[in-house]
Amino acid sequence: MKMFPKRNQSLWLSLVLTCQVVLFGIVFFCRGFLLQKLLIPDVNNLPTDHGKPMWDQVVLLIIDALKYDFMSSIGLTEVYAFSEHNTSHSKFYKFVADPPTTTLQRLKSMTTGTLPTFIEAALNFGGSEITEDNIIDQLLRQKSNIIQMGDDTWDSIFPERFLRSYPYPSFDVWDLDTVDRGVERQIFDELKKKDWKLLIAHCLGWEILHN
């Protein structure tokens, strides 16, 4: 029986050990970093009658590209001041997001109260309908109509949920103003109407920042 030279034996042993370390690293990475979220199919059916709502209508304005510190550095201090001095009618929120910070995962987190996993970032370009319990479906169960305008991701994850919807494509990297302009065209007419409880206006923010 032919034996490998001692030098070749050491080389093969090093190669085997290296492969084992790499394999262990891949498994460890997948198990610890690429987590899969467990979906809970239960729906909250507890009574929600807490008397008359504080407000008849609510406008949720989301601006993707607006950093919190921009409010005082690029001439938007009026918006911040309005929010601070009219606390009974408006609230300015600083949104802190952990990775992944893609739109689809952030909207899932906001509407369901769950934390997205990093691997879900790959689904950002092809969002599927949200079947978990969420604030949109809870409002609909209370017969509260919802209006949506802006980023078309909302229509992907909540199809046929909105009384009226004005979606605009948000993944065209060469088009920086269509979504924002679309919201500007629609929002003031909708504010005059009284047949909705929640209005969601989702801007990308580029046009707002540049103006």
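Here is a walk through this predicted model, from its sheet to a helix and a few single residues.

Let's begin with the sheet. Four strands make up an open sheet in the order 1-4-2-3, and the pairing is parallel. The edges belong to strand 1 (58-63) and strand 3 (164-168); each has a single partner strand, so one side of each goes without a neighbour in the sheet. On average, neighbouring strands here are turned by 5° against each other, direction ignored.

Zoom in on strand 1 and you'll find it paired with strand 4 (residues 198-203), in the parallel sense, over 6 bridges. If you want a spot to anchor your eye, take Val59: its bridge partner in strand 4 is Leu199. Now bring in helix 6 (residues 178-191), which lies across strand 1, strand 2 (146-151), strand 3 and strand 4. Relative to strand 4, helix 6 runs at about 160°.

Stay on strand 4 for a moment, because that is where His202 sits, and its relative accessible area of 0% makes it buried. What does the side chain of His202 make a polar contact with? The partner is the side chain of Trp154, at 2.9 Å. Trp154 is also on the list of residues that His202 touches, leaving aside those up to four places away in sequence. That list includes Ile62 and Asp64, then Thr103 and Leu107, then Met149, Gly150 and Asp151, and also Val179 and Val183. Next along the chain from His202 comes Cys203, which counts as buried at 4% relative accessibility. Another cysteine, Cys19, counts as partly exposed, since its relative accessibility is 47%. As for disulfides, the structure holds 0.

On to helix 3 (residues 103-112). How many of the 10 residues of helix 3 are buried? The count is 9, so the helix is largely enclosed by the rest of the structure. Among the buried ones are Thr103 and Leu107, both of which His202 touches. The buried set also includes Arg106 and Lys108, along with Gln105 and Ser109. What do these buried residues pack against? They pack against helix 4, strand 2, helix 5 (153-157) and strand 4. Just after helix 3 comes Gly113, with a positive phi near 80°.

Met110 is worth a stop as well. It lies in helix 3, and with a relative accessible area of 37% it is partly exposed. Not counting residues up to four places away in sequence, Met110 touches Ile62 and Phe95. Ile62 should ring a bell, as His202 touches it too. You can also pick out Asn134, 24 residues from Met110 along the chain: the C-alpha atoms of the two are separated by 8.9 Å.

One last stop is Ser144, in the loop between helix 4 (135-141) and strand 2. Is Ser144 buried or exposed? Its relative accessibility is 10%, and since the cut-off for buried is under 20%, Ser144 counts as buried. Leaving out residues up to four places away in sequence, Ser144 touches Leu139 and Lys197.

How values were computed:
Residues numbered from 1 in each chain as written. Predicted model: local features only at pLDDT ≥ 70, side-chain atom pairs only at ≥ 80, totals over all residues. Heavy atoms only, no water. Pairing = 2+ DSSP bridges. Helix = DSSP H or I, 4+ residues; strand = E, 2+ residues; numbered from the N terminus. Axes fitted to C-alpha atoms, helices over the stretch in contact; angles between N-to-C directions. Contact = heavy atoms within 4.5 Å. Disulfide = S-S within 2.5 Å. Buried < 20%, exposed > 50% of the residue type's maximum accessible area, 1.4 Å probe, protein only. Polar contact = N/O pair within 3.5 Å; in protein donor to acceptor, adjacent residues only side chain to side chain.
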